[in-house]
Amino acid sequence: MSVKGAVMVPHPPLIIPEVGRGQEKEIQSTIDAYHQAAEKTASWKPDTVVVLSPHSMMYADYFHISPGKGAEGSFRQFRAPQVKIRVEYDTEFVSLLSREAEARDLPAGTLGERERSLDHGTMIPLWFLNHYYRDYKVVRIGLSGLPFSRHYMLGQCIRKTAELLDRRIAVIGSGDLSHKLKEDGPYGFSKEGPEYDNRIMDVMGRGDFGQLLDFPEEFCEKAAECGHRSFVILAGALDRTAVKTEKLSHEGPFGVGYGVCVYEAAGAAPERDFLRQYEERAGKEAERRKQAEDACVRLARKTVETYVRTGEKISVPEGLPEEMYADRAGVFVSLKEEGRLRGCIGTISPVQNNIAEEIIDNAVSAASRDPRFHAVQPEELDQLVYSVDVLGETEEISSEEELDVTRYGVVVSRGYKRGLLLPNLEGVDTVEDQIAIAKRKAGIPESAQDVRLERFEVVRHF
């Protein structure tokens, strides 16, 4: 036995009649498709249903697998407390899955539960399934802020666990698509919204799961999707498996995209090892980048790789350009992994003897002391992409009209609070955005007008 199949489904609460109170009829295509998907899932007679929900516990660097013997929940927060779902957890599956993840250095397990009740991302798919089949146990898994490749890897662990336990498994990838499809929708409009919906439904409609790993994180964030990571784990659970794919529906009348697809396992397909293919491409790209790196970026990379592997900070090496020994400047070192920020620490003004020392000190901090992230681990080093920004001197300006988001960085000050934002950053498209983010970083209210503005230019090294 193993993974018998999977479904990609949305979770709008109004799809439940007691919640929608008639409004659900506006997504009748989704309802009809949901019933088809539930009926197909029931036909597999799964021993265990693995539900991947973005509304379960979510941590930046950890996959939460719900502990205990079971849980229940209701739609009380959606004014329908009478609609309740109760499940029994597959504790044996949870235990072995946690061990499989640990064996692959994946941070996953049953720690950190803060809410035992079932979330609506879990309950809605099970509400439909229960119309056709109830003889199953559940494994509920939350998503994480880790890269997409790690989500795919967790899916592979689900597949391996199913094989080891000889379980019939169905996987439910619960997730809405873009939340920014319409100006009059609850979240407004972004051009990335319909672009994401069209692209994800093309990929998922063909079962071409390898492309899920190529979606830029920045693009997904601008589209305000909530299901992409669920779909990536689903894909990993069907790793090296041929699938019969059915694209059942896609609509978004309320400004949020809802897509339904079904994937029935159809035998082994070794060529569908999408994570290996992705890692091979990424490795070639990493090698190309290394060959093209300049002295500043090479120094940052050498610093991080040495510190992460040995705990030692390197000394300034010989053979650098003369200005790196002679000049002083503020420096920011940024690390990215699979398109997502992994660490960024810098200095507005120089605090070291020269640019080389500034890079070394800030590279160590970016890898190990950025409070937004856990410290970089050795297995991540090959995936890191580095950039080094050497800052020019700041100059005070009297108006935001003297800023250009692509050319100048900004420093916003109020009293002892001071926030900086670099220029030409992905997702920061206007001066207003730039100033607002700098204020947030400094802890200055966005409405505050009594602030001091400074601008600066940078030389960016990739």
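Trainee: Which residues form one aromatic cluster with Tyr34?

Mentor: This is a predicted model, in which local features need pLDDT of at least 70 and side-chain atom pairs count only at pLDDT 80 or more, while totals for chains, interfaces and linings use all residues. Residues are numbered from 1 along each chain as its sequence is written, and side-chain values use heavy atoms, with hydrogens and water left out. Rings of Phe, Tyr and Trp (its six-membered ring) pair if their centres lie within 6.5 Å; planes under 30 degrees apart count as stacked, over 60 as edge-to-face and the rest as tilted. Tyr34 shares its aromatic cluster with Trp127 and Phe128.

Trainee: Is the pair of Phe75 and Phe78 stacked, edge-to-face or tilted?

Mentor: A pair of aromatic rings is described by the distance of the centres and the angle of the planes. The structure holds 9 aromatic pairs. For Phe75 and Phe78 the centres are 6.3 Å apart and the planes stand at 45 degrees, so this pair is tilted.

Trainee: And is Phe219 buried or exposed?

Mentor: Its partner is Phe215: the ring centres are 6.3 Å apart and the planes at 35 degrees, so the pair is tilted. Buried means under 20% relative accessible area, exposed over 50%, partly exposed in between (1.4 Å probe, protein chains only). Phe215, at 2%, counts as buried. Phe219 has a relative accessible area of 14%, so it is buried.

Trainee: Let's turn to helix 2. What reach, in Å, does helix 2 have from its first C-alpha to its last?

Mentor: Helices (H or I, at least four residues) and strands (E, at least two) are DSSP runs, numbered from the N terminus. The expected span of a helix is 1.5 Å times one less than its number of residues. With 16 residues, helix 2 is expected to span 22 Å, and its reach is close to that, at 23 Å.

Trainee: Which elements are included in what covers the buried residues of helix 2?

Mentor: Tyr34 returns here, since the buried residues of helix 2 include Ile31, Tyr34 and Ala38. Their cover includes strand 1, helix 4 (120-129), strand 8, strand 9 and strand 10.

Trainee: Nice. Why is strand 2 largely enclosed by the rest of the structure?

Mentor: In a regular strand the side chains alternate between the two faces of the sheet. In strand 2, Thr48, Val50 and Leu52 are buried on one side, and Val49, Val51 and Ser53 on the other. Strand 2 is largely enclosed because its buried residues number 6 of 6.

Trainee: Which residue of strand 7 is the bridge partner of Leu52?

Mentor: Two strands pair if DSSP finds at least two bridges between them. Strand 2 and strand 7 (residues 137-142) are parallel, with 6 bridges. Within strand 7, Leu52 has as its bridge partner Ile141.

Trainee: Which are the edge strands of the open sheet?

Mentor: The 6 strands of this sheet follow the order 7-2-8-1-10-9, and their pairing is mixed. Pairing on one side only marks strand 7 and strand 9.

Trainee: Last one: which residues have the most contacts inside the largest nonpolar core?

Mentor: A nonpolar core is a set of buried Ala, Val, Leu, Ile, Met, Phe, Trp, Tyr and Cys residues joined through side-chain atoms within 4.5 Å. The largest one has 54 residues, and helix 5 (residues 148-165) gives the most to it, with 8. The residues with the most contacts inside this core are Ile158 and Val171.

Note on methods:
Contact means heavy atoms within 4.5 Å.
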